[in-house]
Amino acid sequence: MAPRFAYKVLALLVSILPLELRRSLWRYLIAVGSKRWESDGTAQRIPGDMYVKRGSLVRPTEGQAMRFIDKLTSAPIPVVVDNFKLDGITWLVMSRIPGYNLAACYPDMPPEVEDKLSKQLASILAPIRAIPPPTSAVCGFDQGPIRCERLAMGAPPLGPFDSVDAFHTFLLDRAVTLNIPEPEAAEAHAVIKRAHSRPHKICLTHNDLGPHNVIIDDEWNIAGIIDWECCAWMPEYWEATKGTYLPQYRKGRWNRIMTAAFPSYRDELQAEKYIVNYRERYT
């Protein structure tokens, strides 16, 4: 892999070219790359240790968010080489982070690695979370709607919301009714009220942080965090609750890693469990 500055120089050089020529360049390299490496969904590895994501569902804000984070922090994320939209198709070209996808290595993870990953995640994300938000709104990176499967499975992006309180109101309204069994109903409503009443800062949030988006090296160190397409300005606890939202992450290793990385949000995690488990509406 070339050093990061080399990709930034390449990005500068490419930005001078007309969009049609840039598209032709990446199309050619995709054709070359597809003969050597399998496609990974919307992403294709290409020569030069890079990936290209393209499509009508790829959002320009993913590349914009990555460039923003790269400018303000030293977080291990891909370098954006090119990012543009032409004829309804978004093109995102970025450097490849060498290593292994943590999800693929999950079965072989030694127990002692959990604490290591928790500490590294907290350290990597702290500078990102410390970036001042543009407003007090809960919103997408571009201050528009939020792309988040937790908010509405399979639905278009939702929001923005004027405040954290407005966002919490939406979460409960979207659930329609919480069908909580009587023995735990009082405690559940008390936890939700307590969690939603706490003051929460707005933090820049990956919003899809799971093992599938973490790259590790041979020593189980985090080499990078990828796929920032859902990046948004969210309540400070959302990285922890969204990162443990998927059924496979509600218990087990990743749940322990995330809750250790974000130890201050016990009530918020429990409140989200109640809302997700007992909501009447799922979409």
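Let's start with arginine 150: at 3% relative accessibility, this residue counts as buried. Before I go further, please keep in mind that we are looking at a predicted model. So what does a buried arginine pair with here? Arginine 150 forms a salt bridge with glutamate 272, and the closest N and O atoms are 2.7 Å apart. The two ends come from distant parts of the chain, 122 residues apart. Arginine 150 sits in the loop between strand S6 (139–140) and helix H6 (164–175), while glutamate 272 belongs to helix H10 (residues 266–278). Glutamate 272 also counts as buried, because its relative accessibility is 7%.

Staying with charges for a moment, how many salt bridges does the structure hold? The count is 14. Another one of them joins arginine 96 to aspartate 49, with 2.7 Å between the closest N and O atoms. Here arginine 96 lies in the loop between strand S4 (89–95) and strand S5 (100–101), and aspartate 49 lies in the loop between strand S1 (43–46) and strand S2 (50–55), so this pair ties together parts that are 47 residues apart in sequence. Arginine 96 and aspartate 49 are both buried.

If you click on lysine 53, you will find its side chain meeting that of glutamate 62 in a salt bridge, 3.0 Å from N to O. Is lysine 53 buried or exposed? With 5% relative accessibility, lysine 53 counts as buried. Glutamate 62 is buried too, at a relative accessible area of 1%.

Now for the cysteines, which may interest those of you setting up topologies. How many disulfides does the structure hold? Zero. Cysteine 148 is in no disulfide, and the nearest cysteine sulfur, 6.8 Å away, belongs to cysteine 230. Seen from the other side, the sulfur of cysteine 230 has its closest cysteine sulfur in cysteine 148, and that 6.8 Å is too far for a bond, because the cut-off for a disulfide is a pair of sulfur atoms within 2.5 Å. As a reminder, a disulfide is a covalent bond between the sulfur atoms of two cysteines. Cysteine 148 is buried, with a relative accessible area of 7%, and cysteine 230 counts as buried at 10% relative accessibility.

Next, have a look at strand S3, residues 80–86. Six of its seven residues are buried, so strand S3 is largely enclosed by the rest of the structure. Which way does S3 run against S4, parallel or antiparallel? The two strands pair in the antiparallel sense, over six bridges. To find your place in that pairing, take valine 80, whose bridge partner in S4 is methionine 94. The hairpin of S3 and S4 has two residues between the strands, and within this hairpin aspartate 87 takes a positive phi near 55°. That one is easy to pick out on a Ramachandran plot.

Let me finish out on the surface. Which residues make the nonpolar patch there? Phe5, Val9, Leu13 and Ile16 do, and together they give a nonpolar surface patch of about 450 Å². Isoleucine 16 is found in the loop between helix H1 (4–15) and helix H2 (19–34). Unlike the buried residues we began with, isoleucine 16 counts as exposed, because its relative accessibility is 66% and the exposed class begins over 50%. Thanks, everyone, and I'm happy to rotate the view if you'd like another look.

Technical notes. Residues numbered from 1 in each chain as written. Predicted model: local features only at pLDDT ≥ 70, side-chain atom pairs only at ≥ 80, totals over all residues. Heavy atoms only, no water. Patch = residues over 30% accessible without salt bridge, like charges linked within 9 Å, V, L, I, M, F, W, Y side chains within 5 Å. Areas by Shrake-Rupley, 256 points an atom, 1.4 Å probe, with all protein chains shown as cover. Salt bridge = Lys/Arg side-chain N within 4 Å of Asp/Glu carboxyl O. Helix = DSSP H or I, 4+ residues; strand = E, 2+ residues; numbered from the N terminus. Buried < 20%, exposed > 50% of the residue type's maximum accessible area, 1.4 Å probe, protein only. Pairing = 2+ DSSP bridges.
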